[in-house]
Amino acid sequence: MKITRIDTIHIAEFPHILFVHLHTDQGIVGLGETTYGPHTVATFIHSQVAPYLLGKTPLHIERHWNEIFARGRTTLSRSAEIRGLSAIDIALWDIFGQVTGLPIYQLLGGPYRERIQIYNTCAGYRYGISATQQVAVGSFQSSKEGPYEDLEAFLYRADELAESLLSQGICAMKIWPFDQFAPKTNGQSISLEDLDKGVEPFRKIRKAVGRRMEIAVEMHGLWNLPSAIRIAKALEEIEPMWFEDPIRMDNLDALSQFKASTHIPTCASETVSTRFAFREMLERHATSIVMLDVAWAGGLSEARRIASLAETHHLPFAPHDCTGPVTLMASVHLCINAPNALIQETVRAFYYGWYPRLVTQLPRIENGYIYAPEGPGLGLALLPDVLKRSDVTIQTSTLESKRL
Ligand SMILES: [Mg+2]
């Protein structure tokens, strides 16, 4: 069996996502995905990966990981090369599953559990898709696509939002009400007035639903160290589930200082890639919870190694997904298998909104849990109509073109 064609698939409506199809001479097609800088990633895949991978068997996943990693000439950053490698690696695992007729979690060693708890990241339908939805209040516009405009909800009616989530059995949520104040000072300080405004949604949630709801605080690396600590101190009485990316991930000593400043767990970071970077973070005691993104950190091969590395430090991991359906599916396979999986990120506006418009299947969510995916490989494929959309661009490298 050999890889005969590599397609990169970009859809203008979802400008940050890149899908990858690996075709084989036996008709099996593996699906991968990554996000951000899709055109740069596609260039890396067609110019650097295709000449190596075309004509090879898809089943030497470990070998291919190392060869593509070496071609990227990069180790620590969430670079276009690592994102390309991630997408290819996920597609290779998908092929492995289809060849064996087994789901990926089985190939990883089988299920440690049959389901994993989810939390809802309170983004709206177009969050991360249209640029105006990235931060908050000033530029916020409701798309009115459906009932789950959860970003608007956490800013203005966090109490109702918490009740809505609990009514679906979802007992954990993530919000970022401080982001709106960071641009005022470039994150160099936060006033007491803004501090109180940022704490307000948390108070509303506690008042409405008490301690039945876990609340994670997303800080998006927007603050300097003293401001991040000031925010953390103001929230400690709320007992958040974690503080995520309180500062940028470019100084692990500063992150360690943040972590030491509060009894609330620190969570970091989807912006970090490969086991080499996570090793340093863990050895410097800079995080309590490892947030990894399967489609950014180096694919499933690397995500499982990072998860295992976290376990050696007696720490859990929590996969990121605020990006795309394949990332969610791959993450769930890892969570089903890995003993130290803590909780899976989901966005209900995506899960019930645009994810089903792109893929054949999603893992079942019921009563606050997401269940083991069904079927061989990832257990999902792009819907055939996706490839026929008027706004789709497909770039192809083939074995024939390689031989020319
Ligand atoms: Mg995050």
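This chat goes through a metal site, a pocket and one proline in a predicted model.

Q: Which residues are the protein donors of the magnesium ion?
A: Glu-218, Glu-244 and Glu-270, each through OE, lying 2.0 to 2.2 Å from the ion.

Q: What spacing do the donors follow along the chain?
A: The pattern is E-x25-E-x25-E.

Q: And where do Glu-218 and Glu-270 sit?
A: Glu-218 is in strand 6 (residues 214-218). Glu-270 is in the loop between strand 8 (266-268) and helix 11 (274-283). The two are 52 residues apart, so the pair links distant parts of the chain.

Q: Are Glu-218 and Glu-270 buried or exposed?
A: Both are buried.

Q: Switching to pockets. How much space lies in the second largest one?
A: About 240 Å³.

Q: What lines it, and which residues lie nearest the centre?
A: The lining of the second largest pocket has 17 residues. Nearest its centre are Gly-221, Leu-222, Trp-223, Asn-224 and Arg-248.

Q: How does that lining split by class?
A: Eight residues are nonpolar, six are polar and three are charged.

Q: Now Pro-339. Where is it?
A: Pro-339 is in the loop between helix 13 (325-337) and strand 11 (344-346).

Q: Why does Pro-339 count as partly exposed?
A: Because its relative accessibility is 38%, and partly exposed covers the range between under 20% and over 50%.

Q: What is Pro-339 in contact with, leaving aside neighbours within four places in sequence?
A: Tyr-112, Arg-113 and Glu-311.

Q: How far is the Pro-339 C-alpha from that of Ser-308?
A: The two C-alpha atoms are separated by 8.8 Å, with the residues 31 apart along the chain.

Note on methods. Residues are numbered from 1 along each chain as its sequence is written. This is a predicted model: local features need pLDDT of at least 70, side-chain atom pairs count only at pLDDT 80 or more; totals for chains, interfaces and linings use all residues. Side-chain values use heavy atoms; hydrogens and water are left out. Donors are N, O and S atoms within 2.8 Å of the metal (3.2 Å for Na, K and Ca); water is not among the atoms, so sites may look incomplete. Helices (H or I, at least four residues) and strands (E, at least two) are DSSP runs, numbered from the N terminus. Buried means under 20% relative accessible area, exposed over 50%, partly exposed in between (1.4 Å probe, protein chains only). On a 1 Å grid over the protein atoms alone, a cavity is a set of points where a 1.4 Å probe fits but cannot get out, and a pocket is an open set with protein on both sides within 12 Å along at least five of seven lines; lining residues have an atom within 4 Å of a point. Grid points are joined across faces, edges and corners, and a volume is the space filled by probe spheres set on the points. Ala, Val, Leu, Ile, Met, Phe, Trp, Tyr, Cys and Pro count as nonpolar, Asp, Glu, Lys and Arg as charged, and the others, Gly among them, as polar. Contact means heavy atoms within 4.5 Å.
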